[in-house]
Amino acid sequence: GRVVLILDIPALTRVDKELHYIPAKIVEEVVEEEKPAAKTIMVVDDSITVRKVTARLLKRQGMEVITAKDGVDAVAQLQEHIPDLMLLDVEMPRMDGYELATQIRNTSEWTHIPIIMITSRTGTKHRDRAEKIGIDRYLGKPFNETELLENINALLNERAFQG
């Protein structure tokens with residue numbers, strides 16, 4: 001999630017071979033042309049179909065996507081890549097969505113990650129349990145694509161505004 005300035009040195013040296021430094025004007029132009037970094041979303045669901053469909057939807061919106069087949073897989077991936085937001089299913093083998101969310105909320109490096117739980121379990125007791133863990137949003141399956149994207153964008157904008 002960091003912005004890195006990459007300069008094409010051969011192109012810059014061709015601009016004026018007599019210069020032994022990079023003119024400030026050229027550096028400013030390069031900085032102005034940088035695009036904001038794409039947001040990374042981790043999709044955690046034991047259904048390969050749900051992972052693929054959701055990943056396709058998010059990629060069409062210009063987002064980067066990391067997928068995990070269950071909570072154990074997600075924890076392993078979190079060691080390498082910390083996403084800007086996570087989408088979690090509840091019912092998964094090895095480590096379910098509640099256990100994963102609890103681990104995320106109790107790990108200082110991950111506690112800031114917004115979590116949207118997407119599940120077929122839409123009962124009050126399931127929502128209450130998710131709320132106690134600290135889930136940011138709770139959506140039922142099958143999810144409405146527009147509603148999902150609105151929730152993702154709202155959470156990403158909240159986090160950007162907060163800091």
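Student: Is Asn151 buried or exposed?
Tutor: This is a predicted model, where local features need pLDDT of at least 70 and side-chain atom pairs count only at 80 or more, while totals for chains, interfaces and linings use all residues. Residues are numbered from 1 along each chain as its sequence is written, and side-chain values use heavy atoms, leaving out hydrogens and water. Buried means under 20% relative accessible area, exposed over 50%, and partly exposed in between (1.4 Å probe, protein chains only). With a relative accessible area of 12%, Asn151 is therefore buried.

Student: Leaving aside neighbours within four places in sequence, which residues is Asn151 in contact with?
Tutor: Asn151 sits in helix H7, residues 145–162; helices (H or I, at least four residues) and strands (E, at least two) are DSSP runs numbered from the N terminus. Contact here means heavy atoms within 4.5 Å. Beyond those sequence neighbours, Asn151 is in contact with Ile116, Arg137 and Leu139.

Student: What is the strand order in the open sheet?
Tutor: Two strands pair if DSSP finds at least two bridges between them. The sheet is open, has five strands, and its pairing is parallel. Its order is S2-S1-S3-S4-S5.

Student: Which strands stand at the edges?
Tutor: An edge strand here has a single partner, so one side of it is left without a neighbour in the sheet. That applies to S2 and S5 (137–140).

Student: And what does the twist average from one strand to the next?
Tutor: Angles run from 0 to 180 degrees between N-to-C directions, with axes being lines fitted to C-alpha atoms, for helices over the stretch in contact. The twist from one strand to the next averages 20 degrees.

Student: How many bridges join S4 and S5?
Tutor: One bridge partnership links Ile118 to Leu139 in S5. S4 and S5 pair in the parallel sense, and the number of bridges is four.

Student: What angle does the direction of H4 make with that of S2?
Tutor: H4 packs on the sheet, touching S1, S2 and S3. Its direction and that of S2 make about 135 degrees.

Student: Which element gives the largest share of the largest nonpolar core?
Tutor: A nonpolar core is a set of buried Ala, Val, Leu, Ile, Met, Phe, Trp, Tyr and Cys residues joined through side-chain atoms within 4.5 Å. The largest has 24 residues, with Met86 and Leu100 among those making the most contacts inside it. Elements giving it two or more residues include S1 (40–44), H4 (71–78) and H5 (97–105). The largest share, four residues, comes from H5.
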